[in-house]
Structure formats: structure tokens, C-alpha cells
Amino acid sequence: MDKFVIRGGRRLTGEVIISGAKNAAVAILPAVILSDEPCIIENVPSISDVTISLRILKEMGAEVTCVGHDAYRIDPTTIDKFCVPYETARKMRASYYFLGALLGKFHKARVSMPGGCPLGDRPIDQHLKAFCALGAQYTLSQGMVDLTADSLHGNQIFFDVVTVGATMNAMLAAVKAEGLTVIENAAKEPHIVDLANFLNSMGANIMGAGTDVIKIRGVEHLHGTTYSVIPDQIEAGTFMVAIAATKGDAIIKNVIPKHLESITKKLEKIGVNIEQYDDSVRVWVDGPLVKTNVKTAPHPGFPTDMQSQIATLLTLAEGTSIITENIWEQRFRYVDELRRMGADITVNGKVALIEGTGKLMGAPVKACDLRAGAALIIAGLAASGITEIEDIFHIERGYDCMEGKLRALGADIEKVSFPDKTEEQTETAEDDKNKAAS
Ligand code: EPZ
């Protein structure tokens with residue numbers, strides 16, 4: 001088992017380069033299945049969710065070759081299996097994108113149901129509703145989702161909730177369906193637009209991605225393409241907060257400032273200085289940090305995936321802040337760990353009250369999910385003393401070389417292995433790992 005050991009109190013300064021977006025990459029890689037020719041995907045982040053996606057593609061029969069730093073050539077023409085088994089799917093929530101991609105291409109798919117996960121109930125009813133509207137039938141048995149369709153035809157799909165996953169899956173299934181599909185109440189996240197741009201670069205006809213109505217006119221063939229994944233908005237936001245929490249001054253490169261707007265606005269309210277350039281931002285703090293309130297919402301609102309990080313910053317600010325989590329039921333599980341570091345946070349349902357104490361103290365803590373792990377890293381960087389973070393596999397699912405990038409900014413952080421777990425502890429950790437998915 002690995003853990004991060006952080007000696008806090010160092011200002012982050014210098015430059016950091018942001019990697020490709022996890023939540024775009026985990027949809028674009030399965031989307032390659034839809035192509036009738038090989039594709040090259042660039043700016044793919046080195047994270048374990050990507051490793052798993054590539055492994056699934058290989059297990060299905062695709063040829064996957066690394067063609068340079070963070071780039072892969074994927075030939076989907078050799079795919080001859082249409083199943084993602086439990087053993088692989090349980091490791092990554094986003095394996096549900098193989099449902100839409102396989103259905104869209106082969107009119108059949110068999111994928112393990114995404115398991116329980118640390119963010120609370122994660123239904124896929126809206127995904128199934130979209131597939132059925134396009135002409136598919138499904139069965140659920142022994143934890144597997146089986147999809148079949150004689151043919152797929154365009155239809156109107158209205159989502160009851162704004163959902164990123166179901167919007168992307170509907171796009172994947174509809175892109176080769178006959179006729180026009182109209183998705184209403186669609187999610188508008190940057191990764192939705194990125195998936196649409198990727199599919200269009202293969203010859204698809206998708207309009208309106210980034211608004212709440214997406215129109216897709218089905219095409220018969222999709223051809224090969226070379227495509228570069230957008231920069232990761234949440235990784236960038238996490239570094240913005242880390243720089244602010246250490247009262248640092250650094251430049252974050254390879255970002256799309258427009259994607260960071262809701263994060264930038266909140267940080268400015270807290271007292272963080274931000275200067276935007278074409279594809280980079282400078283972040284620095286030269287005064288006190290002050291309270292603010294945050295409500296998470298689908299894009300362009302404040303992202304739930306930045307909630308734990310900004311909460312950590314607010315423990316260092318003056319005054320009482322309120323955070324309302326509107327997307328996931330169990331996204332305050334990191335609070336107990338932050339309390340161990342001296343934070344004063346009270347949670348009541350979907351609302352957290354943060355009394356800014358201005359300081360945190362190092363402690364041994366445990367990451368309970370990806371963004372909780374990021375929050376604990378930020379806390380450790382800002383705290384006095386030593387913080388040891390366990391279960392960092394959660395962090396490595398979504399952050400590309402987090403500790404290396406932080407070290408380059410001057411942080412004192414190292415990854416160490418500790419082999420001394422009892423059998424029982426190892427089983428619990430394995431169990432946690434299997435539950436972890438997004
Ligand atoms: C995506 O999850 C992201 N994951 C999550 O990122 C992110 O937190 C979330 O979107 C919201 O932005 C990936 O992109 C791989 P949803 P997703 O479908 O698609 C309800 C991270 O830290 N819902 O937009 O699974 C659901 O319960 C992660 O990187 C239904 O009711 O989320 C939730 O309340 C974690 N029925 C809301 O919609 C459905 O069929 C939004 O979920 C689907 C969703």
C-alpha cells in the first residue's frame with residue numbers, strides 16, 4: 001500500500017502543466033469503438049481510470065498502441081467481444097460508457113452494472129431510458145446489463161435530471177441511429193462538448209452540445225481521426241485551490257480559462273487573485289482569505305467535483321461559510337478527516353457549516369474518494385506538521401502524477417510504500433478499492 005507524506009507549510013510557486021480531462025477521456029476512449037478505422041487520441045492523462053479503459057478495449061479485441069507521450073493509437077476494427085465483465089467494470093464507474101458505444105456500433109452490449117460507490121446512490125435509469133427510446137431492450141440479471149436492438153432509430157429523449165453520464169451515453173448510442181435524435185435537459189459540461197467534438201471529427205453530425213438541447217442526425221459510417229482531449233478543468237481547479245491555500249503564487253498552464261469561470265469567481269470572492277491568459281492562469285494570494293457560500297450545480301454552476309477542495313480552503317478563511325451539495329448525497333465524507341486536522345465543520349444533510357479557524361494541523365488521514373483525497377492533500381500542504389494520507393489509489397484514479405507536479409511547485413510531498421498491513425486491513429482496503437468508482 002502507498003501513502004502520501006506531506007510536510008506542510010510551504011508556499012507553492014512556479015508553474016504546473018494540467019493533463020487531459022479524466023471525465024472526457026473515459027468517454028472518448030470507449031467512443032473509439034464507433035469508428036470504422038483506427039483513431040489516435042492525444043493528451044490522455046496517465047491515471048488508473050484510463051489504464052482500465054484501455055485494458056477493457058484490449059480485452060474486447062481492439063489493438064491499442066502507445067504512440068508517444070500521453071497518446072494512443074486504437075484500432076477498434078478487430079473488436080470481437082461485446083462484454084465488460086464485473087472484474088473490470090467494478091474498478092471504474094465510467095465503464096458504463098461501453099454500453100452506449102457497443103450498442104451504437106454493434107447493437108448489443110453486456111456490461112456489469114456499476115457497483116455501489118462512495119458518493120451515494122448512483123442509478124442508471126436515465127441511461128436505460130435513453131437506450132430504450134432509441135429502440136434497444138435491456139435485461140438486468142446477475143449484476144449485468146444486457147442491451148440488444150434490431151435497429152436503432154432517432155427519437156426525442158427528455159432527461160428527468162441533468163446527468164452527464166446519460167447525456168454522453170445517449171450521444172454514443174444515437175450517433176449512428178437512423179434519423180434525428182433530440183436530447184432535452186442535456187448536461188452542458190465541457191466534457192460533453194469534447195465528446196461531441198470528437199465524434200464530429202469522425203464524421204458524426206451533432207449540434208448543440210454545451211446547451212441543454214443536443215440534436216444528433218445519425219450517420220452510417222464514422223472514420224478514423226486524430227483528436228486531443230481537453231485539459232482537465234477539475235485538476236486545474238484543484239491546483240488553483242492548492243496554490244491559494246498555501247498563500248502561493250504560481251502559473252497553471254494548459255487550461256481553458258472559460259471552463260474555470262465558476263471556480264475563478266468563487267476564489268476571487270474568497271480573496272484569491274487570478275489573472276487569465278489565453279491558455280493559462282496565474283493564481284496568488286497577498287491578503288486575507290474570507291468566508292463565502294458555495295452551492296454545487298451542474299455546469300455552468302460550481303462543480304461538485306470541486307466542493308471538498310474549496311471547503312478545505314474555507315477552513316483557512318476568516319468567518320463562517322456555508323456549502324450546499326446538490327448533486328451527491330455522500331460527498332461530505334471527507335469532513336471527519338478534515339476535523340482530525342483541526343477543521344471546524346458541521347454537516348447537516350446536504351449543508352456544511354464551516355467556521356474558518358485560519359489553520360490546520362497535520363495528522364494521519366484516509367482518502368475516501370478521489371476528490372476527498374485531493375482535499376486532504378490541500379489540507380496537508382497548508383497545515384503545520386506532517387500529514388500522512390492513506391488509500392491514495394482513489395487519488396491516482398483521477399490525478400496524473402499529483403505528487404510530482406506538487407513537488408515541482410515546491411511542496412514537500414512524497415509517496416511511500418508501507419507493507420505492514422494485517423490481512424484484515426488489506427481485505428478492507430481491497431473492498432474499498434472495489435467500491436471506488438466514478
Ligand atoms: C459524472 O458522473 C462524473 N463522472 C462525476 O465525476 C461528477 O461528479 C458527476 O458527473 C457530476 O458532474 C464521470 O464523468 C466519469 P451524473 P455521473 O449522471 O455521470 C442522478 C469525479 O470526482 N442520476 O451527472 O455518474 C445522480 O444520482 C466524479 O470526477 C440519476 O438519477 O453523474 C446524480 O444525483 C465523481 N439517474 C445526478 O443525476 C441516472 O440515470 C448527476 O449524476 C443518472 C444520474
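Contact, as the word is used here, means heavy atoms within 4.5 Å. The structure is a predicted model, in which local features need pLDDT of at least 70 and side-chain atom pairs count only at pLDDT 80 or more, while totals for chains, interfaces and linings use all residues. Residues are numbered from 1 along each chain as its sequence is written, and side-chain values use heavy atoms, with hydrogens and water left out.

Leaving aside its neighbours within four places in sequence, Ala 27 is in contact with Tyr 97, Met 168 and Leu 195. The C-alpha atom of Ala 27 lies 24 Å from that of Phe 239, a residue 212 positions away along the chain. His 191, with neighbours within four places in sequence again left out, is in contact with Asn 23, Ala 24, Val 164, Met 168, Ile 230 and Gln 233.

The table places three residues in their helices or strands, which are DSSP runs numbered from the N terminus (helices: H or I, at least four residues; strands: E, at least two). Relative accessible area is graded as buried (under 20%), exposed (over 50%) or partly exposed (in between), with a 1.4 Å probe and protein chains only.

| Residue | Element | Relative accessible area |
|---|---|---|
| Ala 27 | helix H1 (residues 22–31) | 0%, buried |
| His 191 | helix H7 (residues 190–201) | 10%, buried |
| Ile 322 | strand S19 (residues 320–324) | 33%, partly exposed |
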